[in-house]
Amino acid sequence: MNKTKLFLLAILLLASFSMEAQKRARQEDLPVFSDEQRKQSIVYADGLRAFYSDNFTQAEKDFREVISKNPKNDAAFYMLSKIRSTQKDYDGAAYYLEEARKIDKSNEWYLIEMATVQDHLRDYKQSAKLWEEAAKLKPENEYYLIALAESYIQQEKYSDAIKTYDRLENLIGHHDELAEIKKSIFLFQNDIKNAVNEYEKLIAKYPEELKYYVEIAKIYMINNLPDKAYPYLQTALDKDKNNASVNLALSDYYERKGKKEEAYKALLTAFKDPNLPIANKMTEMHAYFNEAFKSKDEKAMKKTRQLADALTEAHPDAIEGWKIVAATQFLKENYTDARITFEKILSLDNTDYTVWADYLYVLMQSKEYQTIVNNAEELSELFPTHAEVLYNVGYAYLQLKQSDKAIDYLNQASMFAFDQHLSAAISASLGDAYLLSGNKSEAVKYWKQAQRKGINTPEIKDKIQKNE
(Lines give C-alpha, C1' and ligand atoms only; values in the text may rest on other atoms or scores of the structure.)
Protein backbone atom coordinates (compact mmCIF):
# COMPACT_ATOMS: atom_id res chain seq x y z
CA MET A 1 0.00 0.00 0.00
CA ASN A 2 2.81 2.37 0.84
CA LYS A 3 4.50 1.48 -2.44
CA THR A 4 1.32 2.33 -4.26
CA LYS A 5 1.13 5.71 -2.53
CA LEU A 6 4.74 6.42 -3.37
CA PHE A 7 4.18 5.47 -6.97
CA LEU A 8 1.17 7.76 -7.25
CA LEU A 9 3.06 10.56 -5.58
CA ALA A 10 5.93 10.11 -8.02
CA ILE A 11 3.52 10.36 -10.93
CA LEU A 12 1.99 13.54 -9.51
CA LEU A 13 5.42 15.08 -9.00
CA LEU A 14 6.47 14.19 -12.52
CA ALA A 15 3.28 15.70 -13.86
CA SER A 16 3.83 18.81 -11.80
CA PHE A 17 7.40 19.18 -12.99
CA SER A 18 6.27 18.56 -16.59
CA MET A 19 3.56 21.25 -16.42
CA GLU A 20 5.96 23.73 -14.87
CA ALA A 21 8.57 22.97 -17.50
CA GLN A 22 6.00 23.47 -20.29
CA LYS A 23 4.89 26.74 -18.70
CA ARG A 24 8.48 27.98 -18.58
CA ALA A 25 9.06 26.83 -22.15
CA ARG A 26 5.99 28.74 -23.37
CA GLN A 27 7.12 31.84 -21.54
CA GLU A 28 10.61 31.53 -23.00
CA ASP A 29 9.16 31.14 -26.57
CA LEU A 30 7.15 34.36 -26.34
CA PRO A 31 8.88 37.33 -27.96
CA VAL A 32 9.93 40.02 -25.59
CA PHE A 33 8.95 43.53 -26.76
CA SER A 34 10.73 46.60 -25.58
CA ASP A 35 8.86 49.78 -24.75
CA GLU A 36 10.23 51.32 -27.94
CA GLN A 37 8.90 48.45 -30.06
CA ARG A 38 5.49 48.80 -28.47
CA LYS A 39 5.51 52.51 -29.28
CA GLN A 40 6.44 51.78 -32.88
CA SER A 41 3.59 49.27 -33.16
CA ILE A 42 1.14 51.89 -31.93
CA VAL A 43 2.45 54.47 -34.42
CA TYR A 44 2.26 51.88 -37.24
CA ALA A 45 -1.35 51.08 -36.29
CA ASP A 46 -2.12 54.81 -36.29
CA GLY A 47 -0.63 55.02 -39.78
CA LEU A 48 -2.84 52.20 -41.01
CA ARG A 49 -5.93 53.91 -39.62
CA ALA A 50 -4.95 57.17 -41.30
CA PHE A 51 -4.26 55.39 -44.61
CA TYR A 52 -7.63 53.65 -44.71
CA SER A 53 -9.30 56.94 -43.79
CA ASP A 54 -7.63 58.55 -46.85
CA ASN A 55 -5.57 60.80 -44.58
CA PHE A 56 -2.39 60.15 -46.53
CA THR A 57 -0.43 63.07 -45.09
CA GLN A 58 -0.78 61.74 -41.53
CA ALA A 59 -0.25 58.16 -42.65
CA GLU A 60 3.04 59.05 -44.35
CA LYS A 61 4.14 60.96 -41.25
CA ASP A 62 3.44 57.91 -39.04
CA PHE A 63 5.20 55.39 -41.30
CA ARG A 64 8.24 57.65 -41.65
CA GLU A 65 8.42 57.91 -37.88
CA VAL A 66 8.45 54.10 -37.66
CA ILE A 67 11.28 53.90 -40.21
CA SER A 68 13.29 56.60 -38.42
CA LYS A 69 13.26 54.41 -35.31
CA ASN A 70 13.65 51.13 -37.19
CA PRO A 71 15.11 51.34 -40.75
CA LYS A 72 14.53 47.57 -41.11
CA ASN A 73 10.73 47.82 -40.85
CA ASP A 74 9.80 46.53 -44.32
CA ALA A 75 6.04 46.82 -43.61
CA ALA A 76 6.36 50.59 -43.14
CA PHE A 77 8.23 50.90 -46.45
CA TYR A 78 5.49 48.85 -48.09
CA MET A 79 2.78 51.15 -46.76
CA LEU A 80 4.69 54.19 -48.00
CA SER A 81 4.67 52.59 -51.44
CA LYS A 82 0.90 52.07 -51.15
CA ILE A 83 0.47 55.77 -50.42
CA ARG A 84 2.52 56.65 -53.49
CA SER A 85 0.54 54.23 -55.68
CA THR A 86 -2.74 55.67 -54.44
CA GLN A 87 -1.45 59.11 -55.44
CA LYS A 88 -0.33 57.67 -58.83
CA ASP A 89 3.30 58.46 -58.02
CA TYR A 90 4.54 55.12 -59.31
CA ASP A 91 8.22 56.07 -59.36
CA GLY A 92 7.97 56.82 -55.65
CA ALA A 93 6.05 53.60 -55.08
CA ALA A 94 8.78 51.61 -56.86
CA TYR A 95 11.48 53.19 -54.66
CA TYR A 96 9.77 52.26 -51.39
CA LEU A 97 8.92 48.77 -52.62
CA GLU A 98 12.54 48.20 -53.51
CA GLU A 99 13.51 49.17 -49.96
CA ALA A 100 10.91 46.76 -48.56
CA ARG A 101 12.18 43.96 -50.80
CA LYS A 102 15.79 44.52 -49.72
CA ILE A 103 14.69 43.79 -46.17
CA ASP A 104 12.39 40.84 -47.00
CA LYS A 105 13.19 39.22 -50.35
CA SER A 106 10.76 36.34 -49.77
CA ASN A 107 7.58 38.42 -49.38
CA GLU A 108 5.22 37.48 -52.22
CA TRP A 109 3.06 40.58 -51.82
CA TYR A 110 6.00 42.93 -52.25
CA LEU A 111 6.81 41.10 -55.47
CA ILE A 112 3.26 41.36 -56.81
CA GLU A 113 2.96 45.02 -55.87
CA MET A 114 6.25 45.78 -57.60
CA ALA A 115 5.10 43.97 -60.77
CA THR A 116 1.87 45.99 -60.73
CA VAL A 117 3.77 49.26 -60.25
CA GLN A 118 6.08 48.42 -63.17
CA ASP A 119 2.99 47.85 -65.32
CA HIS A 120 1.79 51.33 -64.35
CA LEU A 121 5.22 52.70 -65.26
CA ARG A 122 4.93 50.84 -68.59
CA ASP A 123 8.21 49.11 -67.94
CA TYR A 124 6.78 45.87 -69.28
CA LYS A 125 10.17 44.23 -69.67
CA GLN A 126 10.71 44.54 -65.92
CA SER A 127 7.13 43.66 -65.03
CA ALA A 128 7.35 40.50 -67.16
CA LYS A 129 10.39 39.36 -65.16
CA LEU A 130 8.51 39.96 -61.92
CA TRP A 131 5.30 38.26 -63.07
CA GLU A 132 7.36 35.29 -64.26
CA GLU A 133 8.98 35.11 -60.85
CA ALA A 134 5.55 35.21 -59.22
CA ALA A 135 4.19 32.54 -61.58
CA LYS A 136 7.07 30.22 -60.70
CA LEU A 137 6.55 30.93 -57.03
CA LYS A 138 2.83 30.11 -57.27
CA PRO A 139 2.34 28.06 -60.47
CA GLU A 140 -1.29 27.39 -59.55
CA ASN A 141 -2.17 31.10 -59.56
CA GLU A 142 -3.87 31.93 -62.89
CA TYR A 143 -3.84 35.69 -62.26
CA TYR A 144 -0.05 35.81 -62.39
CA LEU A 145 -0.03 34.07 -65.78
CA ILE A 146 -2.67 36.42 -67.16
CA ALA A 147 -0.64 39.43 -66.01
CA LEU A 148 2.54 37.92 -67.46
CA ALA A 149 0.86 37.37 -70.84
CA GLU A 150 -0.38 40.95 -70.84
CA SER A 151 3.17 42.21 -70.21
CA TYR A 152 4.39 40.20 -73.21
CA ILE A 153 1.59 41.59 -75.40
CA GLN A 154 2.54 45.13 -74.40
CA GLN A 155 6.08 44.34 -75.56
CA GLU A 156 4.68 42.81 -78.77
CA LYS A 157 6.23 39.49 -77.79
CA TYR A 158 3.28 37.54 -79.11
CA SER A 159 4.98 34.15 -79.20
CA ASP A 160 5.86 34.47 -75.52
CA ALA A 161 2.28 35.55 -74.79
CA ILE A 162 0.93 32.47 -76.57
CA LYS A 163 3.28 30.21 -74.60
CA THR A 164 2.06 31.84 -71.39
CA TYR A 165 -1.58 31.30 -72.39
CA ASP A 166 -0.67 27.67 -73.12
CA ARG A 167 0.55 27.38 -69.54
CA LEU A 168 -2.73 28.92 -68.38
CA GLU A 169 -4.64 26.46 -70.55
CA ASN A 170 -2.81 23.56 -68.91
CA LEU A 171 -3.83 24.99 -65.56
CA ILE A 172 -7.51 25.84 -66.09
CA GLY A 173 -8.40 24.02 -69.30
CA HIS A 174 -9.42 25.37 -72.70
CA HIS A 175 -12.48 27.59 -72.78
CA ASP A 176 -14.15 30.32 -74.82
CA GLU A 177 -12.39 33.38 -73.37
CA LEU A 178 -8.95 31.83 -73.74
CA ALA A 179 -9.71 30.73 -77.30
CA GLU A 180 -10.86 34.24 -78.18
CA ILE A 181 -7.69 35.84 -76.82
CA LYS A 182 -5.36 33.39 -78.54
CA LYS A 183 -7.35 33.63 -81.78
CA SER A 184 -6.95 37.41 -81.78
CA ILE A 185 -3.19 37.11 -81.33
CA PHE A 186 -2.88 34.51 -84.09
CA LEU A 187 -4.94 36.61 -86.50
CA PHE A 188 -2.82 39.66 -85.68
CA GLN A 189 0.14 37.54 -86.79
CA ASN A 190 -1.86 36.45 -89.85
CA ASP A 191 -1.73 32.86 -88.58
CA ILE A 192 -5.14 31.64 -89.72
CA LYS A 193 -4.35 27.97 -89.20
CA ASN A 194 -3.63 28.31 -85.48
CA ALA A 195 -6.55 30.72 -85.00
CA VAL A 196 -8.87 28.07 -86.41
CA ASN A 197 -7.18 25.39 -84.33
CA GLU A 198 -8.27 27.14 -81.12
CA TYR A 199 -11.90 26.43 -82.03
CA GLU A 200 -11.14 23.01 -83.49
CA LYS A 201 -10.01 22.05 -79.99
CA LEU A 202 -13.31 23.27 -78.58
CA ILE A 203 -15.29 21.41 -81.24
CA ALA A 204 -13.45 18.22 -80.35
CA LYS A 205 -14.46 18.77 -76.74
CA TYR A 206 -18.01 20.06 -77.37
CA PRO A 207 -19.12 18.85 -80.84
CA GLU A 208 -22.73 19.99 -80.32
CA GLU A 209 -21.82 23.62 -79.57
CA LEU A 210 -22.65 25.30 -82.87
CA LYS A 211 -21.05 28.62 -81.94
CA TYR A 212 -17.59 27.13 -82.43
CA TYR A 213 -18.38 26.18 -86.04
CA VAL A 214 -19.63 29.72 -86.58
CA GLU A 215 -16.44 31.21 -85.10
CA ILE A 216 -14.31 29.22 -87.53
CA ALA A 217 -16.53 30.29 -90.42
CA LYS A 218 -16.12 33.93 -89.36
CA ILE A 219 -12.33 33.57 -89.24
CA TYR A 220 -12.28 32.29 -92.82
CA MET A 221 -14.75 34.89 -94.09
CA ILE A 222 -12.98 37.91 -92.63
CA ASN A 223 -9.84 36.60 -94.31
CA ASN A 224 -11.64 36.34 -97.68
CA LEU A 225 -11.78 32.55 -97.63
CA PRO A 226 -15.55 31.97 -97.77
CA ASP A 227 -15.26 28.57 -99.46
CA LYS A 228 -13.37 27.25 -96.44
CA ALA A 229 -16.08 28.67 -94.17
CA TYR A 230 -19.01 26.92 -95.85
CA PRO A 231 -18.30 23.31 -94.72
CA TYR A 232 -18.40 24.43 -91.07
CA LEU A 233 -21.69 26.27 -91.63
CA GLN A 234 -23.16 23.27 -93.42
CA THR A 235 -22.14 20.97 -90.57
CA ALA A 236 -23.80 23.34 -88.11
CA LEU A 237 -26.95 23.56 -90.27
CA ASP A 238 -27.17 19.78 -90.36
CA LYS A 239 -27.32 19.88 -86.58
CA ASP A 240 -29.86 22.76 -86.37
CA LYS A 241 -31.17 24.40 -89.55
CA ASN A 242 -32.96 27.18 -87.64
CA ASN A 243 -30.07 28.26 -85.42
CA ALA A 244 -29.88 32.05 -85.54
CA SER A 245 -26.11 32.45 -85.25
CA VAL A 246 -25.51 29.89 -87.96
CA ASN A 247 -28.02 31.53 -90.31
CA LEU A 248 -26.60 34.99 -89.62
CA ALA A 249 -23.13 33.76 -90.61
CA LEU A 250 -24.64 31.90 -93.58
CA SER A 251 -26.28 35.14 -94.74
CA ASP A 252 -22.86 36.81 -94.66
CA TYR A 253 -21.43 33.90 -96.66
CA TYR A 254 -24.10 34.23 -99.36
CA GLU A 255 -23.59 38.02 -99.52
CA ARG A 256 -19.90 37.46 -100.16
CA LYS A 257 -20.79 35.01 -102.91
CA GLY A 258 -23.22 37.49 -104.47
CA LYS A 259 -26.29 35.33 -103.77
CA LYS A 260 -28.67 38.02 -102.53
CA GLU A 261 -31.86 35.98 -102.24
CA GLU A 262 -30.20 33.13 -100.33
CA ALA A 263 -28.59 35.72 -98.06
CA TYR A 264 -31.96 37.31 -97.35
CA LYS A 265 -33.68 33.98 -96.59
CA ALA A 266 -30.96 33.00 -94.12
CA LEU A 267 -31.14 36.43 -92.50
CA LEU A 268 -34.92 36.24 -92.13
CA THR A 269 -34.56 32.86 -90.42
CA ALA A 270 -32.04 34.35 -88.01
CA PHE A 271 -34.31 37.30 -87.25
CA LYS A 272 -37.14 35.00 -86.21
CA ASP A 273 -35.09 33.44 -83.40
CA PRO A 274 -35.69 35.22 -80.07
CA ASN A 275 -32.57 33.61 -78.59
CA LEU A 276 -30.28 35.76 -80.73
CA PRO A 277 -29.99 39.18 -79.04
CA ILE A 278 -31.60 41.98 -81.01
CA ALA A 279 -28.33 43.94 -80.93
CA ASN A 280 -26.77 41.20 -83.09
CA LYS A 281 -29.44 41.78 -85.73
CA MET A 282 -29.57 45.55 -85.96
CA THR A 283 -26.53 46.08 -88.23
CA GLU A 284 -28.17 44.00 -90.95
CA MET A 285 -31.54 45.58 -90.23
CA HIS A 286 -30.19 49.08 -90.74
CA ALA A 287 -28.40 48.03 -93.93
CA TYR A 288 -31.67 46.86 -95.47
CA PHE A 289 -33.56 49.91 -94.26
CA ASN A 290 -30.94 52.33 -95.61
CA GLU A 291 -31.04 50.63 -98.99
CA ALA A 292 -34.84 50.87 -99.07
CA PHE A 293 -34.72 54.52 -97.97
CA LYS A 294 -32.24 55.50 -100.68
CA SER A 295 -33.71 53.49 -103.53
CA LYS A 296 -37.41 53.79 -102.64
CA ASP A 297 -37.61 50.38 -104.33
CA GLU A 298 -40.82 48.50 -103.49
CA LYS A 299 -39.07 45.11 -103.18
CA ALA A 300 -36.41 46.55 -100.87
CA MET A 301 -39.15 48.16 -98.77
CA LYS A 302 -41.04 44.86 -98.57
CA LYS A 303 -37.95 42.96 -97.41
CA THR A 304 -37.21 45.64 -94.83
CA ARG A 305 -40.74 45.38 -93.49
CA GLN A 306 -40.56 41.56 -93.32
CA LEU A 307 -37.34 41.76 -91.32
CA ALA A 308 -38.84 44.39 -89.03
CA ASP A 309 -41.95 42.26 -88.46
CA ALA A 310 -39.71 39.29 -87.63
CA LEU A 311 -37.91 41.46 -85.09
CA THR A 312 -41.14 42.55 -83.40
CA GLU A 313 -42.36 38.94 -83.22
CA ALA A 314 -39.08 37.71 -81.73
CA HIS A 315 -38.63 40.73 -79.44
CA PRO A 316 -42.09 42.26 -78.82
CA ASP A 317 -40.90 44.36 -75.87
CA ALA A 318 -37.93 45.92 -77.68
CA ILE A 319 -38.54 49.21 -79.48
CA GLU A 320 -35.89 48.69 -82.19
CA GLY A 321 -38.08 46.51 -84.41
CA TRP A 322 -41.14 48.69 -83.90
CA LYS A 323 -39.15 51.79 -84.88
CA ILE A 324 -38.25 50.21 -88.22
CA VAL A 325 -41.89 49.21 -88.76
CA ALA A 326 -42.97 52.80 -88.06
CA ALA A 327 -40.26 54.14 -90.37
CA THR A 328 -41.47 52.01 -93.29
CA GLN A 329 -45.05 53.19 -92.69
CA PHE A 330 -43.80 56.77 -92.41
CA LEU A 331 -41.91 56.55 -95.71
CA LYS A 332 -45.00 55.22 -97.47
CA GLU A 333 -47.02 58.06 -95.90
CA ASN A 334 -49.27 55.52 -94.23
CA TYR A 335 -49.86 57.86 -91.30
CA THR A 336 -52.79 55.99 -89.77
CA ASP A 337 -50.77 52.81 -89.27
CA ALA A 338 -47.67 54.82 -88.34
CA ARG A 339 -49.61 56.52 -85.56
CA ILE A 340 -50.65 53.15 -84.08
CA THR A 341 -47.05 51.89 -84.24
CA PHE A 342 -45.62 55.03 -82.65
CA GLU A 343 -48.13 54.70 -79.82
CA LYS A 344 -46.97 51.11 -79.34
CA ILE A 345 -43.36 52.31 -79.12
CA LEU A 346 -44.24 55.05 -76.63
CA SER A 347 -46.05 52.52 -74.46
CA LEU A 348 -42.73 50.66 -74.21
CA ASP A 349 -40.47 53.71 -73.86
CA ASN A 350 -41.77 57.28 -73.77
CA THR A 351 -38.37 59.01 -73.40
CA ASP A 352 -37.03 58.87 -76.98
CA TYR A 353 -37.20 62.35 -78.50
CA THR A 354 -36.92 61.17 -82.11
CA VAL A 355 -39.94 58.90 -81.64
CA TRP A 356 -42.00 61.76 -80.22
CA ALA A 357 -40.86 64.07 -83.03
CA ASP A 358 -41.94 61.60 -85.72
CA TYR A 359 -45.17 60.85 -83.86
CA LEU A 360 -46.03 64.55 -83.65
CA TYR A 361 -45.26 64.94 -87.36
CA VAL A 362 -47.67 62.10 -88.17
CA LEU A 363 -50.36 63.65 -85.96
CA MET A 364 -49.85 67.05 -87.58
CA GLN A 365 -50.11 65.55 -91.07
CA SER A 366 -53.29 63.72 -90.02
CA LYS A 367 -54.61 66.86 -88.30
CA GLU A 368 -55.01 64.90 -85.07
CA TYR A 369 -54.75 68.06 -82.98
CA GLN A 370 -56.76 66.74 -80.05
CA THR A 371 -54.36 63.83 -79.66
CA ILE A 372 -51.45 66.26 -79.53
CA VAL A 373 -53.01 68.39 -76.78
CA ASN A 374 -53.92 65.22 -74.87
CA ASN A 375 -50.16 64.64 -74.60
CA ALA A 376 -49.29 68.28 -73.87
CA GLU A 377 -48.55 67.85 -70.16
CA GLU A 378 -46.33 64.82 -70.67
CA LEU A 379 -44.47 66.51 -73.53
CA SER A 380 -43.86 69.61 -71.40
CA GLU A 381 -42.36 67.49 -68.65
CA LEU A 382 -40.19 65.42 -70.99
CA PHE A 383 -39.01 68.19 -73.33
CA PRO A 384 -39.42 71.56 -71.60
CA THR A 385 -36.76 73.24 -73.77
CA HIS A 386 -37.42 71.62 -77.17
CA ALA A 387 -38.79 74.43 -79.32
CA GLU A 388 -40.24 72.19 -82.03
CA VAL A 389 -42.21 70.08 -79.54
CA LEU A 390 -43.59 73.16 -77.81
CA TYR A 391 -44.44 74.70 -81.20
CA ASN A 392 -46.39 71.59 -82.24
CA VAL A 393 -48.39 71.69 -79.01
CA GLY A 394 -49.04 75.42 -79.37
CA TYR A 395 -50.07 75.01 -83.00
CA ALA A 396 -52.47 72.19 -82.05
CA TYR A 397 -54.14 74.39 -79.42
CA LEU A 398 -54.41 77.15 -82.04
CA GLN A 399 -56.20 74.80 -84.45
CA LEU A 400 -58.58 73.85 -81.63
CA LYS A 401 -59.31 77.57 -81.11
CA GLN A 402 -57.82 77.63 -77.59
CA SER A 403 -55.91 80.90 -77.92
CA ASP A 404 -54.64 81.24 -74.34
CA LYS A 405 -53.04 77.79 -74.34
CA ALA A 406 -51.68 78.38 -77.83
CA ILE A 407 -50.05 81.68 -76.82
CA ASP A 408 -48.55 80.11 -73.69
CA TYR A 409 -46.87 77.21 -75.56
CA LEU A 410 -45.82 79.31 -78.55
CA ASN A 411 -44.15 81.88 -76.28
CA GLN A 412 -42.29 79.05 -74.54
CA ALA A 413 -41.23 77.71 -77.93
CA SER A 414 -39.91 81.11 -79.03
CA MET A 415 -37.56 81.21 -76.03
CA PHE A 416 -35.71 78.08 -77.25
CA ALA A 417 -35.98 78.45 -81.03
CA PHE A 418 -32.60 79.05 -82.67
CA ASP A 419 -33.53 77.86 -86.15
CA GLN A 420 -34.63 80.83 -88.31
CA HIS A 421 -37.34 78.93 -90.15
CA LEU A 422 -38.88 77.53 -86.95
CA SER A 423 -38.64 80.92 -85.24
CA ALA A 424 -40.51 82.53 -88.15
CA ALA A 425 -43.24 79.86 -88.00
CA ILE A 426 -43.66 80.43 -84.25
CA SER A 427 -44.05 84.19 -84.79
CA ALA A 428 -46.63 83.64 -87.53
CA SER A 429 -48.65 81.30 -85.31
CA LEU A 430 -48.43 83.73 -82.38
CA GLY A 431 -49.91 86.39 -84.66
CA ASP A 432 -52.82 84.05 -85.45
CA ALA A 433 -53.27 83.17 -81.77
CA TYR A 434 -53.38 86.80 -80.68
CA LEU A 435 -55.91 87.59 -83.43
CA LEU A 436 -58.04 84.69 -82.14
CA SER A 437 -57.85 86.21 -78.65
CA GLY A 438 -58.99 89.58 -80.01
CA ASN A 439 -55.63 91.38 -79.60
CA LYS A 440 -55.06 92.76 -83.12
CA SER A 441 -52.07 94.96 -82.25
CA GLU A 442 -50.11 92.00 -80.85
CA ALA A 443 -51.17 89.91 -83.83
CA VAL A 444 -49.79 92.47 -86.28
CA LYS A 445 -46.59 92.77 -84.23
CA TYR A 446 -45.88 89.04 -84.51
CA TRP A 447 -46.86 88.82 -88.20
CA LYS A 448 -44.39 91.59 -88.96
CA GLN A 449 -41.81 89.73 -86.88
CA ALA A 450 -42.48 86.64 -89.00
CA GLN A 451 -41.95 88.77 -92.14
CA ARG A 452 -38.54 89.91 -90.90
CA LYS A 453 -37.60 86.30 -90.23
CA GLY A 454 -38.45 85.19 -93.75
CA ILE A 455 -42.19 84.55 -94.05
CA ASN A 456 -43.30 87.22 -96.49
CA THR A 457 -46.20 85.50 -98.21
CA PRO A 458 -49.23 87.24 -99.76
CA GLU A 459 -51.32 85.65 -97.02
CA ILE A 460 -49.38 87.25 -94.17
CA LYS A 461 -49.30 90.62 -95.98
CA ASP A 462 -53.06 90.46 -96.30
CA LYS A 463 -53.44 89.71 -92.57
CA ILE A 464 -51.34 92.73 -91.67
CA GLN A 465 -53.22 95.08 -93.96
CA LYS A 466 -56.61 93.98 -92.67
CA ASN A 467 -55.72 94.31 -89.00
CA GLU A 468 -53.45 97.38 -88.78
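**Note on two loop residues and the nonpolar cores**

1. Glu333 is located in the loop that connects helix H18 (319-331) with helix H19 (335-348). The model under review is predicted. Although Glu333 is not a glycine, its phi is positive, at about 60°. As background, a negative phi is found in most residues other than glycine.

2. Is Glu333 buried or exposed? Its relative accessibility is 56%, and Glu333 therefore counts as exposed, the cut-off being over 50%.

3. Glu156 likewise calls for comment. This residue, not a glycine, has a positive phi of about 60°. Glu156 sits in the loop between helix H8 (142-154) and helix H9 (158-172). With a relative accessible area of 59%, Glu156 is exposed.

4. Turning to the interior, the largest nonpolar core comprises 74 residues. Which residues have the most contacts inside it? They are Phe63 and Trp131. Helix H12 (residues 210-222) contributes nine residues, the largest share of this core. In general terms, nonpolar side chains tend to be buried together in soluble globular proteins.

5. The surroundings of Trp131 may be inspected residue by residue. When neighbours within four places in sequence are left aside, Trp131 is in contact with Ile112, Ala115, Thr116 and Asp119, and also with Tyr143, Tyr144, Ala147, Leu148 and Ser151.

6. Another core, of 48 residues, lies apart from the 74-residue core. Among the members of this other core are Ala326, Leu346, Val362 and Tyr434.

Key
Residues numbered from 1 in each chain as written. Predicted model: local features only at pLDDT ≥ 70, side-chain atom pairs only at ≥ 80, totals over all residues. Heavy atoms only, no water. Helix = DSSP H or I, 4+ residues; strand = E, 2+ residues; numbered from the N terminus. Buried < 20%, exposed > 50% of the residue type's maximum accessible area, 1.4 Å probe, protein only. Core = buried A, V, L, I, M, F, W, Y, C linked by side-chain atoms within 4.5 Å. Contact = heavy atoms within 4.5 Å.
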